[in-house]
Amino acid sequence: MLAGVLQLGQYVINNRGTDTEEYLQVIENPNDKGNYNHVLKIAFDFAKDNVTYRGIEYEEFSLGKINKYAYKKGSARGGDITPTSKYTDPIKTLNKITISFNDVLKTTNQNDDEQKIFNNIYGYISLNHEDIENDITEKVKSTPLKKGESFIITVTIFDNNNEKYMGDFQLIRNHLARILDEQYYSKYGKTSKGKGICYYCKNESEVFGFVNTYNSYTVDKIGFVSGGFKQENAWKNYPVCASCAQKLEQGKKYIRENLTSRFSGFNYFVIPKAVIRDAYDEAEFIEALEEFEKNTNFSTSESTKQNLLGSEKDFLEIMKDSKNYLNYNMLIFKEEQSGSVFRILLYIEDIVPSKVKNILRVKDRVDEVELFKNLPGKDKTTYDLKFGFDKIRTFFPNNRMEGNFDKSFLEILNNVFTYKKINFKFLLDRMISKIRVAFTREEYVDSLVLQALMSIMFIDKLNLLSDKGRGVQKIMVEKTEKNKKYLDFFENESQKDLFSSDYKRAVFLTGVLTEKLLNIQYKERGSKPFYSRLNGLKLDKNIIKRIYTEAINKLNEYNKNYYKELEYLIGMYMLGEKAEKGISNDEISFYFVLGMSLARHFNEEKKSGEDEE
């Protein structure tokens, strides 16, 4: 993975016009995830060699001012590298600012106006800590925020009405430049560097031991270091030269800004990786990266962060159009402890464009299935259901009520991209379990059923379902004007594989018949008493027979049995029950509720004296 990050870093340095000033390579975007959209400034006036406190001033976060904010995350126990920090609470955040001022002043060898200004500000904040805390608290309270948003706290100085930010001061720039290499070899009160062969470029040079690109490799405890358990010898475990360390940092920054997004509740990024043999290959690689850069869905701006699920298709579209010499690694991750811990949840390696192209082709085929079009929405509107991994995620959630199914969902995701089999019975068990819960609460289940059907069809059309019996089809039914709509439905190219057995057709049509009865009951009585006869969707072959018989009896009692042809078809297809030995109770339950949910596709023509359903 890190080789791909390094390659991206090399691309940035060669092609993105990265500023040569060293301090700019250290600066981080404090709003990279889009939830720090507000900046509170501890503002001072500077005049006649004196600084005076103006108060706490507000501005919206601006990408164009990242270098001015000059943010660089520091130790969790101390301050950040510069007097710009992410807000937690007034006391802790102001303490960080104070510590940063002290660190800058301790390490500088300047003796000029900037140092005097910083000394005065440091002294003022130290003496007036409580007053500034109160001012910050009042400003925070008076600033409306959206859910999940917070502030960046920084310090600015007005000089003749010209506002200067931390990044405008040479004192800060020099401080950042000093730590460019130092961060890679000085940590935990130890120094780890020596003469060795760089892990990446294979050149012999000075190498460092604390290069930790994603906080996943750590030597914060001496027991993690081999060869004597000495942290200062970490450079022998994982030696990285200054040039490669900086490329890794630039690659990480590029991924964060251009290749990172969210879907189905997970953070993820993709890492393009190319085997570049000549200038043509390099041009193709750059062209693919430029497509990602243009994709606004890979951003955290206000206009796109609410629609991040949309990025799912977009990033696949870019991947599928790449040449097969270019492959992709996809990493799903979780950051904890304010980003100091980076946990890899899933790493999918070597996703080739041809596989992605096939995945998208199948997705488009499923999206075009008529069953998922013109679905009834709110206020008599209609909508088309579109497949995305969020449909599968519906049945593998992570919440307090249902439990944590992250591991299972990520395994399914991995199997789709690596073309490994997915067990049908395992998939159906989760789906029907969720549907049963909603069904017993008498909630609207059609949407859940269609999402389950769409997910099964997607995986099945990729030929990834295992342990899925095809069933037996022997019953021959002559097509007539009366049964045409049912037989045409079963023979439709999009869903014919779903109904490849006589018994599955019988169960499905029993569900259709039951829904017809429930609609009549609701019309007649304002309730659906037959609902209680459906055993909470915990069905088997015997219960299906009972429901079929009781439904016919009830229709006759209401004198509204308009479904003789449907009854006949069910009876015919029921003859295939004995041949259907491998069908599970979960499958029976699913096909039954599927029939209920799709019953509207088989509306009868209104007959003389017949009520509307």
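**A walk through the predicted model**

Let me begin inside the structure, with the largest cavity, where helix 9 makes the biggest contribution to the lining, giving 3 residues. Before I go further, please keep in mind that what we are looking at is a predicted model.

How many cavities of 30 Å³ or more does a search of the whole structure find? The search finds 5 of them, and the largest holds about 60 Å³ of space. Its lining is made up of Gln25, Val26, Ile27, Glu28, Lys72, Glu249, Lys253 and Arg256. Besides helix 9, which runs over 242-258, helix 2 at 22-26 also supplies at least two residues of that lining. If we sort the lining by class, we have 5 charged residues, 2 nonpolar ones and 1 polar one.

Now let us turn to helix 21, which covers residues 564-574, and whose buried residues are Leu566, Glu567, Leu569, Ile570, Tyr573 and Met574. These residues lie on the same side of helix 21, because the arc they cover around the axis is only 160 degrees. And what covers them? The cover includes helix 18 (484-491), helix 19 (502-525) and helix 20 (541-557).

While helix 18 and helix 19 are in view, let me point out Asn492, which sits in the loop between these two helices. Asn492 counts as partly exposed, since its relative accessibility is 32%. Its C-alpha atom is separated by 46 Å from that of Arg343, and these two residues are 149 places apart along the chain.

The next topic is the cysteines. How many disulfides does the count come to? The count comes to 0, taking a disulfide as a pair of cysteine sulfur atoms within 2.5 Å. Cys201, for instance, is in no disulfide, and the nearest cysteine sulfur, which belongs to Cys198, is 3.7 Å away. Cys244 is likewise in no disulfide, with the sulfur of Cys241 as the nearest cysteine sulfur, at 3.7 Å. As for their surroundings, Cys201 is partly exposed, at 29% relative accessibility, whereas Cys244 is buried, with a relative accessible area of 2%.

From there I would like to move to the backbone, with one piece of background: most residues other than glycine have a negative phi. Against that background, Asn160 deserves a look, as its phi is near 55 degrees, a positive value in a residue that is not glycine. You will find Asn160 in the loop between strand 4 (151-159) and strand 5 (162-164), and its relative accessible area of 72% makes it exposed. Lys202 is also not a glycine, and its phi is positive too, at about 65 degrees. Is Lys202 buried or exposed? It counts as exposed, at 53% relative accessibility, and its place is in the loop between strand 8 (193-197) and strand 9 (204-208).

Finally, I would like to visit some buried leucines, and I will take them in chain order.

Leu180 is found in helix 7, residues 170-185, and it is buried, with a relative accessible area of 2%. The C-alpha atoms of Leu180 and Ala242 are separated by 9.0 Å, although these residues are 62 places apart along the chain.

Leu326 lies in strand 13, which spans residues 326-336, and with a relative accessible area of 1% it is buried as well. Its C-alpha atom is 8.9 Å from that of Asp281, a residue 45 places away along the chain. Which residues is Leu326 in contact with, once its neighbours within four places in sequence are left aside? They are Pro272, Lys273, Ala274, Phe285, Ala288 and Pro353.

Leu375, the last one on my list, is in strand 15, residues 375-376, and counts as buried at 2% relative accessibility. Between Leu375 and Ser447 there are 9.2 Å in space, C-alpha to C-alpha, for a separation of 72 residues in sequence. Not counting residues up to four places away in sequence, Leu375 touches Thr381, Thr382, Tyr383, Leu385, Leu450 and Arg600.

If you look at the model again afterwards, I would suggest starting where we started, at the largest cavity, with its lining residues from helix 2 and helix 9, and then going on to helix 21 and the helices that cover its buried residues, among them helix 20.

Methods: Residues are numbered from 1 along each chain as its sequence is written. This is a predicted model: local features need pLDDT of at least 70, side-chain atom pairs count only at pLDDT 80 or more; totals for chains, interfaces and linings use all residues. Side-chain values use heavy atoms; hydrogens and water are left out. On a 1 Å grid over the protein atoms alone, a cavity is a set of points where a 1.4 Å probe fits but cannot get out, and a pocket is an open set with protein on both sides within 12 Å along at least five of seven lines; lining residues have an atom within 4 Å of a point. Grid points are joined across faces, edges and corners, and a volume is the space filled by probe spheres set on the points. Helices (H or I, at least four residues) and strands (E, at least two) are DSSP runs, numbered from the N terminus. Ala, Val, Leu, Ile, Met, Phe, Trp, Tyr, Cys and Pro count as nonpolar, Asp, Glu, Lys and Arg as charged, and the others, Gly among them, as polar. Buried means under 20% relative accessible area, exposed over 50%, partly exposed in between (1.4 Å probe, protein chains only). The arc is that of the directions from the helix axis to the C-beta atoms. Contact means heavy atoms within 4.5 Å.
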